[in-house]
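Open the model in your viewer and keep the selection tool at hand. Each stop below says what to pick and what is there.

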Amino acid sequence: MFDPFLEELHQSLLARGGLPLQVNQDFQEHSSIKGDAVIRSWLWNVPGYRRWRVTRLDGAEKLQVLNSVAYPEYCSDMPLMGIDLLWFGIRKQLVAVLDFQPLVQEQAYFDRYFQGLKTLNSRFPELSRETNMRSFDPNRYFSPWLLFCKDGSGEAVKSLPIAFKEFLDCYWKLQKISSLDLSQIPAEEVKQLQIEYDVYSVDRDPAHGLFSSYFGKSWSHRFLHEFLFPASS
Ligand code: BLA
């Protein structure tokens, strides 16, 4: 069900001068032990970003996932872009998280980068209802205006395509803000904060259990440490 979103994202990357990079064969495409799911990943070289990864997990009617993170170059203190879309077929539930993941939780930083996301958040209340984070700390690498829902009513599914497109458009605009207004966090600090993002996320990400059940512990451990959050190892 997330193929149109994947297509939208990839088209958007191409339009911004993105070029696909070779992904390690082990991670490019991998089937689950039982053969009931396939996980595929892409890496993009996009001007202004040091890493842009995309992962799609197709577990047929049981589970669908689209996940992506953009890491800006260290010379920009722009937020990372985080996408985590999950569809659990058995409980007919959409879990959607879209955020500009802030490097720091400071008012001046929020004022600089979050006007657009703030507006988007207020326009899509059905995608912004969830407040309860069990594994992550909402005050670390998440913004107060993230789009976050766990919805079984079908309401959020309807508005997701338009919200997704606008979310991407809104993120592209940050590059302009960042280039007009010189990065205020020094590059060395941005680098440390991006590394900490990987170190923090690899421990907290609730994908661990899910990956292990489909792909076994060893592959999942490598995928998490080497592809999803490479600065963690
Ligand atoms: C939640 N993400 C989840 C959950 C799973 C994943 C299984 C729990 C869903 C539930 O409530 O039942 C799955 N995470 C994945 C998968 C990948 C992954 C499959 O990284 C990799 C392919 N997660 C992100 C990013 C964001 C994010 C970039 O990877 C930010 C936008 C957010 N995911 C996020 C949040 C939750 C979540 C906030 C809710 C977790 C909580 O309750 O603390």
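Select R140 first. In this predicted model, R140 is partly exposed, at 32% relative accessibility. Which residue forms a salt bridge with R140? Add E196 to the selection: the closest N and O atoms of the two are 3.9 Å apart. That falls inside the 4 Å limit for a salt bridge. R140 sits in the loop between helix 4 (115–123) and strand 8 (147–151), while E196 belongs to helix 6 (residues 187–204), so this pair ties together parts that are 56 residues apart in sequence. E196 is partly exposed too, with a relative accessible area of 35%.

**Next stop: D77 and R112**

Select D77 and R112. Their side chains meet in a salt bridge, 3.0 Å from N to O. Find D77 in the loop between strand 5 (63–72) and strand 6 (80–88), then R112 in helix 3 (residues 107–113); the pair therefore links parts 35 residues apart in sequence. Are these two buried or exposed? D77 is buried, with a relative accessible area of 0%. R112 has 14%. R112 counts as buried because the cut-off is under 20%.

**Next stop: D26 and R222**

Now pick D26 and R222. Here the side chains form a salt bridge at 2.2 Å, N to O. D26 is in helix 2 (residues 25–28) and R222 in helix 8 (residues 217–228), so the bridge ties together parts that are 196 residues apart in sequence. D26 is partly exposed at 23% relative accessibility. R222, at 30%, is partly exposed as well.

Why do such pairs form? Side chains of opposite charge can pair when their charged atoms come close. How many salt bridges does the structure hold? There are 8, including the three pairs on this tour.

**Last stop: the whole protein**

Clear the selection and colour by secondary structure. You should find 8 helices and 8 strands. The radius of gyration is 17 Å, close to the 17 Å that the globule rule gives for 233 residues, so the protein is as compact as a globular protein of that length. Turn the C-alpha trace along its principal axes: the span is about 50 × 40 × 35 Å.

Then switch on the surface. The protein exposes about 11000 Å², and carbon and sulfur atoms supply 53% of that area. Of the 233 residues, 52% count as buried.

Finish with the charges. Colour the 25 positive and 29 negative side chains; the centres of the two sets lie 3 Å apart.

Technical notes: Residues are numbered from 1 along each chain as its sequence is written. This is a predicted model: local features need pLDDT of at least 70, side-chain atom pairs count only at pLDDT 80 or more; totals for chains, interfaces and linings use all residues. Side-chain values use heavy atoms; hydrogens and water are left out. Helices (H or I, at least four residues) and strands (E, at least two) are DSSP runs, numbered from the N terminus. Buried means under 20% relative accessible area, exposed over 50%, partly exposed in between (1.4 Å probe, protein chains only). The radius of gyration is taken over C-alpha atoms; the globule rule is 2.2 Å times the number of residues to the power 0.38. Accessible areas come from the Shrake-Rupley method with a 1.4 Å probe; for residues, only the protein chains shown count as cover. Lys and Arg count as positive and Asp and Glu as negative; His and the chain ends are not counted. The place of a charge is taken as NZ of Lys, CZ of Arg, CG of Asp or CD of Glu.
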